[in-house]
Amino acid sequence: MPKVEINYRTCTKTGQCYYLHSEAFRRRADDHPEPTAAAFPSDQREALDEAADLCPTESITIVDD
Ligand code: SF4
């Protein structure tokens with residue numbers, strides 16, 4: 001099952017991930033994103049990959065467990 005890793009050192013809080021893929025990302029109180037689950041169903045892999053591709057700072061990595 002795919003997992004989402006976010007690099008908080010490079011994330012600039014642009015919000016594309018949680019605005020465009022709210023099923024997988026939510027905004028924390030400090031405006032950084034966080035995954036909505038520890039792991040996701042395999043059929044969401046394509047959406048997760050798209051979110052990673054859209055991130056302007058390449059701060060999202062999708063890893064397979
Ligand atoms: S799209 Fe990338 S830079 Fe923007 S909030 Fe999400 S992880 Fe951070």
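**Exercise 1. Decide whether D31 is buried, partly exposed or exposed, and describe its backbone and its place in the chain.**

Solution. Start with the neighbour count: D31 has 12 C-beta neighbours inside 10 Å. A residue with 12 or fewer such neighbours is classed as exposed, so D31 counts as exposed. Next, turn to the backbone, where D31 shows a positive phi of about 75 degrees although it is not a glycine. Finally, place the residue along the chain: D31 sits in the loop between strand 2 (25-27) and strand 3 (33-35). Keep in mind throughout that the model is a predicted one.

**Exercise 2. Describe D30, which lies in the loop between strand 2 and strand 3, in terms of exposure and of its distance to L48.**

Solution. The loop between strand 2 and strand 3 holds D30. Because 8 other C-beta atoms lie within 10 Å of D30, this residue is exposed. For the distance, take the C-alpha atoms of D30 and L48, which are 18 residues apart along the chain and are separated by 22 Å.

**Exercise 3. Work out the order of the secondary structure elements and judge whether the protein is as compact as a globular protein of its length.**

Solution. First count the elements, which come to two helices and four strands. Then read them from the N terminus on, which gives β-α-β-β-α-β. The radius of gyration is 11 Å, close to the 11 Å that the globule rule gives for 65 residues, so the protein is as compact as a globular protein of that length. Along the principal axes, the C-alpha atoms fill a box of roughly 30 × 20 × 20 Å. As a last step, consider the contacts between residues at least 6 apart in sequence, of which 59% join residues at least 24 apart.

**Exercise 4. Identify the residues of the largest nonpolar core and the elements that give two or more residues to it.**

Solution. Begin with burial, since 20% of the 65 residues count as buried. In soluble globular proteins, nonpolar side chains tend to be buried together. The largest nonpolar core here has 10 residues, namely V4, C17, Y18, A24, F25, F40, L48, A51, C55 and I60. Two or more residues of this core come from helix 1 (16-20) and from helix 2 (45-54). To follow one member further, take V4, which touches A24, P35, L48, I60 and I62 when residues up to four places away in sequence are not counted.

**Exercise 5. Compare K13 and N7, both of which lie in the loop between strand 1 and helix 1, by their neighbour counts.**

Solution. K13 belongs to the loop between strand 1 (2-6) and helix 1, and N7 is found in the loop between strand 1 and helix 1. K13 counts as partly exposed because it has 15 C-beta neighbours inside 10 Å, whereas N7, with 12 such neighbours, counts as exposed. The phi of K13 is near 60 degrees, a positive value in a residue other than glycine. For N7, a distance can be added: N7 and P41, which are 34 residues apart in sequence, lie 22 Å apart in space, C-alpha to C-alpha.

**Exercise 6. State which residues come nearest to the ligand and how the shell around the ligand divides by residue type.**

Solution. There are 14 residues around the ligand, and of these C11, T14, Q16, C17 and C55 come nearest. Sorting the shell by type then gives seven nonpolar, six polar and one charged residue. Combining this with Exercise 4, C17 and C55 are also listed in the largest nonpolar core.

Definitions and conventions. Residues are numbered from 1 along each chain as its sequence is written. This is a predicted model: local features need pLDDT of at least 70, side-chain atom pairs count only at pLDDT 80 or more; totals for chains, interfaces and linings use all residues. A residue is near a molecule or strand if its C-beta atom, placed from the backbone, lies within 6 Å of it. Ala, Val, Leu, Ile, Met, Phe, Trp, Tyr, Cys and Pro count as nonpolar, Asp, Glu, Lys and Arg as charged, and the others, Gly among them, as polar. The radius of gyration is taken over C-alpha atoms; the globule rule is 2.2 Å times the number of residues to the power 0.38. Two residues are in contact if their C-beta atoms, placed from the backbone, lie within 7 Å. A nonpolar core is a set of buried Ala, Val, Leu, Ile, Met, Phe, Trp, Tyr and Cys residues joined through C-beta atoms within 7 Å.
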